[in-house]
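Reader: I should like to study this model with you, beginning with the place where its chains meet. May I put some questions to you?

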Amino acid sequence: MSREVTNLLYLITIVTFILALRFLSSPATARRGNQIGAVGMVVAIVVTFLQKGVNSYWEIIVGMIVGGAFGAIAARKVRMTAMPQMVALFNGVGGGAAALISLAEFHLHAPDPGTLQADISSSIMLSAIIGSISFSGSMIAFAKLQELIRGRPITYPLQQLVNGVLFAAVLAAGIAIAAGAEQQWLIWALLAGASLFGVLFVLPIGGADMPVVISLLNAFTGLAAAATGFELENNVLIVSGMLVGASGTFLTIMMGRAMNRSVANVLFGAFGQLAPSAAGAAAGGDADGQVRSATVDDVAVMLAYAHKVVVVPGYGMAVAQAQHDVRALADLLESRGVDVSYAIHPVAGRMPGHMNVLLAEANVPYPQLKEMEEANAEFPRTDVALVIGANDVVNPDARNNAGSPIYGMPILNVDSAQQVVVLKRSMNPGFAGIENPLFVNPKTVMLFGDAKESIEKLAAAVKQL
Amino acid sequence: MSHGLLLTFEVTILVLAIFLGFEVISKVPTLLHTPLMSGTNAIHGIVIVGAMLVAGLDHKDTLTSVVGLIAVVLASANVVGGFVVTDRMLEMFKKREKKPEP
């Protein structure tokens, strides 16, 4: 098929992708949207197979089998809690593919001086830089979320200066390529420099901010894909890449807004750095505060004789896979006449919507899930707020302590409930590394241990009553 | 069509795609942020088209062959993994919607 015909057929894919994005924006149609997108992708692949100039099939077929099998197995095997890092991983490999395409294009055209026109060489530079940053940055995000490297911000002296100089050097190599320099080493230097920059760029960002970073890198990969579209004069790459670039940017801004922080603050704020001073201030304010730990039986009695219990799930519930046990406990309490609901903070867990997914998996009835505003209105009438492995989203410092790095973030006001029970593994500060004065609040009791075990024990104790 | 003219059309659709991208997801609830991110992640797997165009070339040297092959591997992982992960996330929402009905 000639390129004219294939570019026309690619329109089918473009339309399916637009519909996919539209359907993905509404809960009722989201799954169908994803399926429509997948169909569009298959169309694009088939059309590309038939395109004139695609004559050598074995690399494509072998590559698809290897990559597809890896993708399918990784995506099927992964536990729901590890979804965020999977998104990071698949985003990174996409960025890597875009960078490699620009490497191949430069390598193919550079030996004949003058064949690279300025727009093509500029696109090569853009997709090489953006794709490489997306690749290495996503791998660091993956490693942080998988806890292969520590999630806390990693900082060192002169960090901003080093990053700035490195980025300037990458940009200089890029401009040289765009301006028509055709030395092979330039593209290699560009790829290596941009990859290193991606690593250094994500290292100082705290693990709690990774969703925003992954969303941004997702938009980057879209841009890199659009740039490869200019290199290859291919409409489906330009449109689909830019759709993802634009919607990904929008999504990143919305995620930042849900945490009440600007994207710039996430990227350059080195979040955790502020924590020691803020923690000091908080500790000073609550110097007389004592952490009270309770036994399983105490908590079981509190829950069983309450009128209204609000469960506040967080990452600790996700990591312990305790959602089914939480529901079993809630059922038990309800059979005793306790009114149980769940307060869902928009950024609880490691991804927005993380808690909704997990509770839906445990078949928690939808009407019991309360969004933040609704839940906050109910806390003053709540007897017991049961906080399961949530930390930063219930930290009163966000409301009260202007020195706290999370000051201004909307939180669940669990401290307005009559009593607060916090299930936690230990007194270690949360993912963001910030102290939480809730734990020393006189209304609060702590129940230390793995969330799943604690919930199981609580259910057993409630049955005994 | 001259190269310059083609470029103007390419830039035109690029700019239109920017506006469309913003517009099409402007009213998404927080609940769907993660699945939507994952879904767009799958869609940029479209780089597989670019990877196929490189890997499918005739008479290419070793470097291009190797780079093309790796690009196809990476892009395929992006496509398959992206769509499957998104589907797994959304599968759970569906279960929940059934629940309130008797």
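Reader: How many residues does the contact take from chain A, and how many from chain B?
Author: The model is a predicted one. Both chains contribute to the contact. It takes 79 residues from chain B and, from chain A, 98 residues.

Reader: Which helix gives the largest share of the side of chain A that touches chain B?
Author: Several helices of chain A each supply at least two residues of that side, among them α1 (3-24), α8 (210-232) and α9 (235-258). The residues of this side divide into 58 nonpolar, 33 polar and 7 charged. The largest share, 19 residues, belongs to α9(A).

Reader: What distance should the 20 residues of helix α6 (residues 159-178) of chain A span?
Author: The calculation allows 1.5 Å a residue. The end C-alpha atoms of α6(A) are 28 Å apart, which agrees with the expected span of 28 Å.

Reader: Why are the buried residues of α6(A) on the same side of the helix?
Author: The buried residues are Val170(A), Ala173(A), Gly174(A) and Ile177(A). An α-helix has 3.6 residues a turn, so residues three or four places apart point the same way. The buried residues of α6(A) are therefore on the same side, as they cover an arc of only 100° around the axis.

Reader: Against which helices do the buried residues of α6(A) pack?
Author: The face turned away from the buried side carries exposed residues, including Gln160(A), Leu161(A) and Ile175(A). The buried residues of α6(A), for their part, pack against α5 (118-145) and α7 (184-202) of chain A.

How values were computed:
Residues are numbered from 1 along each chain as its sequence is written. Chains are lettered from A and ligands numbered from 1 in the order in which they are written. This is a predicted model: local features need pLDDT of at least 70, side-chain atom pairs count only at pLDDT 80 or more; totals for chains, interfaces and linings use all residues. Two residues are in contact if their C-beta atoms, placed from the backbone, lie within 7 Å. Helices (H or I, at least four residues) and strands (E, at least two) are DSSP runs, numbered from the N terminus. Ala, Val, Leu, Ile, Met, Phe, Trp, Tyr, Cys and Pro count as nonpolar, Asp, Glu, Lys and Arg as charged, and the others, Gly among them, as polar. The expected span of a helix is 1.5 Å times one less than its number of residues. A residue is buried if 20 or more other C-beta atoms lie within 10 Å of its own, exposed if 12 or fewer, and partly exposed in between; C-beta atoms are placed from the backbone. The arc is that of the directions from the helix axis to the C-beta atoms.
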